[in-house]
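Trainee: I have a new model open and would like to practise reading it with you. Shall we go through it together?

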Amino acid sequence: MMRQQIVAITGATSGIGAATARRFAAQGARLILIGRRQERLDALAAELGGSAHVVALDITDRAATLTAFASLPEACAAVSVLVNGAGLASGTNPVAKGDFSDWDRMIDTNINGLLNVTRAVLPGMIERERGHIINIGSVAGTYPSGGPIYGSSKAFVNFFSLNLRRELLGSKVRTTSIEPGRVDTEFTLVRLRGDEERAKALEADGPFLSADDVAQTIVMCSDLPEHVNVNRLEVMSVNQSTGPFSYVKM
Ligand code: NAP
């Protein structure tokens, strides 16, 4: 019989994180829902039956992140799965016209935020000899495609996961990098600062993966026997592919 899971999910207010919370809740996991938007966290917790613990937190705030995890109620303090889902792209400017605040936002959230949460949760997992860190990287971290700063921040996530996996060899803690292609979420709307018309135009070639497709993939990796570690997993909708090399006439 599978042991009760305590699953902490960052990015639980939307998209992949919210869908992952629904999937884990359906199989009886105890949830810790993390994001900045309190009302969305409360609504999801109510939808899931009210037993989820809600943590309104900006993961880029290192001190607040460490405090939030150190003060979890006893019933959910022994986190067994961490889904590092919080992340974003910000802006579409080319590097030569780059907006520094966009760059800082992506690096602070996708890299430093993920590290803050991982640092808060990992010691307990190692001590309890039980745990699984599931990082949401991206195909944009392997194939140049999603904007240089966003893609490079996701290259960090993909590679950090592999390094952590190596470092944790000898412990029972698993590490998985899930690297999706395009997913239908609020991601593009956030990137375009709420410009719905531009977001719709960019989404014209869908349908892409749904948030629940990715959630199902995450839960599948978690549900494998505890000695099985999926190191990295690239997942795309069948109507997406990598492109050929491009050339221009000069
Ligand atoms: P989404 O619907 O916009 O969800 C992003 C989540 O990140 C939200 O719940 C947001 O919550 C949270 N978040 C952002 N900044 C945060 C912060 N500073 N502190 C705490 N939470 C924060 O987008 P999504 O597609 O589900 O994205 C989930 C992950 O998948 C991201 O890491 C993204 O890079 C990755 N991904 C997405 C795609 C795609 O095509 N959609 C493809 C590959 C990878 P609050 O705003 O409430 O804080």
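Mentor: Happily! This is a predicted model, where local features need pLDDT of at least 70, side-chain atom pairs count only at pLDDT 80 or more, and totals for chains, interfaces and linings use all residues. Residues are numbered from 1 along each chain as its sequence is written, and side-chain values use heavy atoms, leaving out hydrogens and water.

Trainee: How many Å apart are the end C-alpha atoms of helix α1 (residues 15-26)?

Mentor: Helices are DSSP runs of H or I with at least four residues, numbered from the N terminus. The expected span is 1.5 Å times one less than the number of residues, so the 12 residues of α1 should span 16 Å. That agrees with the model, whose end C-alpha atoms are apart by 17 Å.

Trainee: Which residue follows α1, with a positive phi?

Mentor: Look just past the helix for a phi near 90°. The residue there is Gly 28.

Trainee: Is Glu 129 partly exposed or exposed?

Mentor: Glu 129 sits in the loop between α4 and β5 (131-136), and has a positive phi of about 55° although it is not a glycine. Buried means under 20% relative accessible area, exposed over 50%, and partly exposed in between, with a 1.4 Å probe and protein chains only. Glu 129 has 49% relative accessibility, so it counts as partly exposed.

Trainee: And Arg 193, partly exposed or exposed?

Mentor: Arg 193 lies in the loop between α6 (187-191) and α7 (196-202), with a positive phi of about 50°. Its relative accessibility is 54%, so Arg 193 counts as exposed.

Notes:
Helices (H or I, at least four residues) and strands (E, at least two) are DSSP runs, numbered from the N terminus.
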